[in-house]
Amino acid sequence: MTDVGLVAPSTQILAERRRFRVLRKLAAHRSFKIGLVLVTVLALCAIIGPMLTGTDPTAMSIRYRFKPPSARFPFGSDQYGRDILTRVLYGGRLSLGIGFSVALLSGVFGAMIGILAGYFRALDPYVMRLMDALMAFPAILLAIGIGAALGAQASSIVVALSVAYVPRTARIVRASVLVIREMEYLQAARVSGAGDAHIIVKHVLPNCLGPLIVQLTFIFAYAILAEATLSFLGIGPPPPAPSWGNIIAEGRDYSVEAWWVMLFPGLAVSLAALGMNLLGDGLRDVLDPRLKIET
Amino acid sequence: MFRTISVRLMQSIPVLLLVAVLSFILMHLLPGDPAVVIAGADATPAAVERIRRELGLDQSIWRQLLSWFLNLAQGKFGSSLMLNQTVLSAVGERLPVTLSLAALSLAIPLPIGIALGILAAYFRSSWIDAGVMAIALIGVSAPSFWIAIVSVILFSVKLGWVPSAGYAPLLTAGPGAWFASLIQPAMVLSLFQIGFLARMTRSAMLDVLEQDFIRTARAKGVSEWRTVGKHGFRNALVAVVTVSGIIVSLLIGGSVVVEQVFALPGIGRLVVQGIMARDYPLIQGTMLLFGFAFVLINVAVDIVYTLVDPRVRYD
């Protein structure tokens with residue numbers, strides 16, 4: 001017998017064990033699993049789906065106007081005889097793409113601003129007052145205003161929604177940074193001569209990643225809903241290129257006679273938001289049990 | 001108390017000033033020349049120039065910002081271009097609609113959402129919990145305008161229970177018609193709020209129910225109803241009050257969309273019309289009023305917070 005058990009595991013092994021513990025907890029979390037499956041299926045549909053149907057999402061045909069769901073048109077067809085299933089699949093690329101870009105952009109800028117404010121305390125009051133002022137405008141109104149200013153296209157939606165969600169992300173990151181900067185390991189790093197840049201990249205950023213990721217999954221969900229809403233108000237990606245939002249908007253005028261035109265893209269939006277919310281709930285329980293919902 | 005209120009009000013002044021600057025910047029981000037829009041397509045360059053001078057758009061941006069603040073100091077929020085009336089009177093006319101909708105959309109989800117959240121937390125991991133959380137998740141995941149359209153098809157077109165659009169004023173049309181015109185939009189708005197509140201209350205209650213004082217209450221024989229209802233809920237209420245700022249923000253944002261679907265002549269619809277018509281002063285003025293209202297409501301929330309939780313102080 002050797003005394004292996006007495007040897008302390010190296011920090012690298014500890015870090016790895018911790019990572020495995022997080023993964024194991026996530027794998028056991030029911031709503032995380034359901035959310036992961038939902039989001040993966042929807043993403044795969046958006047990526048591969050359009051190749052499988054082999055129809056053009058903008059191909060019109062007067063003969064097939066307003067066909068109810070059938071074998072030929074599983075989700076029915078719209079006022080131009082376009083196949084709704086194909087449009088929903090293509091629309092997913094745009095809608096999920098917008099959601100992802102908004103989460104990414106507000107994550108990057110929110111983290112930068114939150115770390116600046118939390119780490120360099122002299123900047124804090126100025127930066128956070130500006131964030132408070134931005135948050136005073138309801139997110140959707142701010143997005144409508146900016147979206148209208150930049151013109152109706154996918155990229156302006158991304159910018160508009162990111163501006164609306166950056167302050168909310170910055171607040172969460174700042175709150176974590178305020179806790180982290182008082183930690184002993186940070187004092188130790190500073191005493192041993194580490195510079196601000198090193199401390200931020202090696203210690204602060206990794207430690208506020210948990211709450212940040214949780215927040216970004218929820219922002220992804222909000223952004224999908226907001227894209228649909230903005231398109232509905234006429235400030236979304238313009239037709240004929242489909243997005244979930246503008247298919248619903250176009251179907252609204254025929255919603256009584258041809259309910260399928262707006263029903264299926266609406267279900268797609270709801271399922272995508274539901275999937276992201278479930279993922280977020282699971283990540284929150286595992287990564288940051290004390291975090292409260294922030295909108 | 002007076003001290004708390006005045007401290008909190010003082011703290012909000014810089015944010016209010018920034019809100020005013022931001023609404024000014026937002027208007028200047030909008031593309032196109034307001035003078036051309038107002039003068040119309042057939043106007044002569046001289047006419048456009050005259051309007052530009054009248055609006056002060058020929059001056060430097062700093063001068064314009066200064067006069068924006070000077071006007072605000074005198075209570076002038078500008079005049080709408082498309083309506084031929086001041087922003088304040090336009091907003092004032094539509095305020096009853098938006099306030100009625102907001103009142104109903106708070107009165108419905110607050111008790112329901114909180115009750116569902118408490119139920120889910122108390123019967124944790126049971127089918128009740130699963131069911132409540134499923135409803136709450138659907139509430140926060142389905143886009144409200146889509147729910148609105150589906151609801152109109154079902155309850156107005158197929159069943160004919162409620163009107164599909166339009167607003168009936170409380171005073172002239174009577175409470176019955178008023179309620180009938182608002183109940184559907186309010187229910188649609190409430191769905192998201194119920195989901196949000198139920199999720200929020202559940203996680204707050206889960207924290208509270210694990211505390212020692214709950215165990216103590218049970219151990220000394222306090223009834224289950226009193227333990228959960230009084231000791232538990234009062235502490236969870238703090239968390240609910242904390243998010244009431246978010247709830248108000250969601251309510252304002254949601255009402256913009258719902259007013260649009262149900263053709264309710266409220267402030268949200270006014271702003272959307274203003275943006276579509278490039279009515280710059282109207283957008284600027286209403287955004288500012290929305291921002292001010294939000295900041296002041298948050299001050300009120302913070303003051304209520306000190307009443308609910310005496311440990312919180314602002315100085």
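Start with chain A in cartoon view and follow it along the sequence: the pattern reads α-α-α-α-α-α-α-α-α-α. That comes to 10 helices and 0 strands. Keep in mind that you are looking at a predicted model.

Now zoom out until chain A fits the window. Its C-alpha atoms fill a box of roughly 80 × 60 × 25 Å along the principal axes. Of the 295 residues in chain A, 53% are buried. Take the contacts in chain A with a separation of 6 or more, and 73% of them come from residues 24 or more positions apart. Switch on the surface and you have about 13700 Å² of accessible area for chain A, 67% of it belonging to carbon and sulfur atoms. If you colour by charge, chain A shows 27 positive and 18 negative charges, and the mean positions of the two sets are 3 Å apart.

**Inside chain A**

Select A:Arg87 and A:Glu250. Their side chains meet in a salt bridge, 3.4 Å from N to O. A:Arg87 sits in helix α3 (residues 84-119) and A:Glu250 in helix α9 (residues 244-251) of chain A, so this pair ties together parts that are 163 residues apart in sequence. Check the accessibility, too: A:Arg87 has 0% relative accessibility and counts as buried. A:Glu250 comes in at 19%, and since the cut-off for buried is under 20%, A:Glu250 counts as buried as well.

**Across to chain B**

Next stop, A:Asp281. Within chain A, this residue has a salt bridge to A:Arg284 at 3.3 Å, N to O. Both residues lie in helix α10 (residues 259-287) of chain A, 3 residues apart, or about one turn of the helix. Now add B:Arg199 to the selection: its side chain meets that of A:Asp281 in a salt bridge at 2.9 Å, N to O. B:Arg199 lies in helix α10 (residues 175-209) of chain B and A:Asp281 in helix α10 of chain A, so the pair joins two chains. Both ends are covered: A:Asp281 is buried with a relative accessible area of 10%, and B:Arg199 is buried with 9%.

How many salt bridges are there between chain B and chain A? The count is 1. A search of the whole structure, over all chains, gives 14.

Pull back and show the contact residues on both sides: 47 come from chain B and 46 from chain A. The two chains bury about 4000 Å² between them, with 78% of that on carbon and sulfur atoms.

**Helix α14 of chain B**

Select residues 267-276 of chain B, which make up helix α14. Is this helix mostly covered or mostly open? Mostly covered, with 7 of its 10 residues buried. The buried ones are B:Ile267, B:Gly268, B:Leu270, B:Val271, B:Val272, B:Gly274 and B:Ile275. To see what covers them, display α5 (139-150) of chain A, then α5 (87-107), α13 (244-261) and α15 (280-308) of chain B, which are included in the cover. Step just past the end of α14(B) to B:Arg278, where phi is positive at about 50°.

**Last stop: B:Leu289**

Move along to B:Leu289 in helix α15 of chain B. This leucine is partly exposed, with a relative accessible area of 21%. Leaving out residues up to four places away in sequence, B:Leu289 touches B:Phe77, B:Val87, B:Leu88 and B:Val91. For a final distance, pick the C-alpha atoms of B:Leu289 and B:Ala43: they are separated by 32 Å, with the two positions 246 residues apart along the chain.

Methods: Residues numbered from 1 in each chain as written. Chains lettered and ligands numbered in written order. Predicted model: local features only at pLDDT ≥ 70, side-chain atom pairs only at ≥ 80, totals over all residues. Heavy atoms only, no water. Buried < 20%, exposed > 50% of the residue type's maximum accessible area, 1.4 Å probe, protein only. Helix = DSSP H or I, 4+ residues; strand = E, 2+ residues; numbered from the N terminus. Contact = heavy atoms within 4.5 Å. Areas by Shrake-Rupley, 256 points an atom, 1.4 Å probe, with all protein chains shown as cover. Lys, Arg positive; Asp, Glu negative; His and termini not counted. Charge placed at Lys NZ, Arg CZ, Asp CG, Glu CD. Buried area = accessible area lost by both parts, 1.4 Å probe. Salt bridge = Lys/Arg side-chain N within 4 Å of Asp/Glu carboxyl O.
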